[in-house]
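Me: Please take a close look at the surroundings of the ligands in this model. Go through the shells residue by residue, then place them in the fold.

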Amino acid sequence: MQEEINGLPQRAKDKHKENKKFFSKLKKKPPRHLDREMQEIHEEEFNRTDCLKCANCCKTTGPLFTNKDIERISKHLKLKPQQFIDQYLRIDEDNDYVLQQVPCAFLDADNYCLIYDVRPKACSEFPHTNRKDFHKISNLTMKNVAICPAAFNIVEEMKRRMG
Ligand code: SF4
Ligand code: SF4
């Protein structure tokens, strides 16, 4: 798995032009059953993918934290929201709360999330490949294929089925 992850940025770069063309076509004319098709491709890929052998999202990017996330997680950690913010978060260039550093402080040595049950919404939804109207997040997806091997495979499968 680590070898696959190491090679991912280059593979994503090699596919970038093709992906851009594909998503621009998809945006203009999304297939009628896109949501259903994405659900299927997403499930097939994640049946094969073991995130515990990867955790590259937690190691390299981390999520943004909404106010609800902050409230829920700080309560779980028995901290005041401001204490949690001071200890773990910073504000990024888009004015969002993000991790102060990666790998995420809540990732343990075996790739388990120490706050799994209360983790940020963005973590539970990553890489967003089963969300509705998937064609509307193509810019984000084109970034995610360089981080997430599952997202990379999902986009390849989409092109095979719909390209
Ligand atoms: S979501 Fe993607 S990047 Fe994150 S652990 Fe799973 S396969 Fe790896
Ligand atoms: S909160 Fe958990 S799932 Fe989210 S980045 Fe940190 S370790 Fe990963």
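Reply: The two ligand shells come first, followed by the sheet, the domains and the backbone details.

This is a predicted model, in which local features need pLDDT of at least 70, side-chain atom pairs count only at pLDDT 80 or more, and totals for chains, interfaces and linings use all residues. Residues are numbered from 1 along each chain as its sequence is written, and chains are lettered from A and ligands numbered from 1 in the order in which they are written.

A residue is taken as near a molecule if its C-beta atom, placed from the backbone, lies within 6 Å of it. By that criterion, the shell of ligand 1 consists of Thr-49, Cys-51, Cys-54, Ala-55, Asn-56, Cys-57, Phe-126, Pro-127, Ile-147, Cys-148, Pro-149 and Ala-150. Ten of these residues are nonpolar, two are polar and none is charged. In this division Ala, Val, Leu, Ile, Met, Phe, Trp, Tyr, Cys and Pro are nonpolar, Asp, Glu, Lys and Arg are charged, and the others, Gly among them, are polar. Helices α3 (56-60) and α8 (149-162) each contribute at least two residues to this shell; helices are DSSP runs of H or I with at least four residues, strands are runs of E with at least two, and both are numbered from the N terminus.

Two members of the ligand 1 shell, Phe-126 and Pro-127, are joined by a cis peptide bond with omega near 0°. Pro-127 sits in the loop between α6 and α7 (138-144). Asp-133 is in the loop between α6 and α7, and its phi is near 50°, a positive value in a residue other than glycine.

Around ligand 2 are Cys-58, Gly-62, Pro-63, Cys-104, Phe-106, Leu-107, Cys-113, Ile-115, Arg-119, Pro-120 and Cys-123. Nine of them are nonpolar, one is polar and one is charged. A second cis bond to note links Val-102 and Pro-103, with omega about -5°; Pro-103 belongs to the loop between β3 and α6 (121-125).

As for the sheet, three strands form an open, antiparallel arrangement in the order β1-β3-β2, where pairing requires at least two DSSP bridges between two strands. The strands β1 (64-65) and β2 (89-91) are at the edges with a single partner each, so one side of each has no neighbour in the sheet. Two bridges connect β1 to β3 (residues 97-99), and Phe-65 has Tyr-97 as its bridge partner in β3.

An automatic or database assignment divides the protein chain into domain 1 (59-125) and domain 2 (128-163). Their C-alpha centres lie 24 Å apart.
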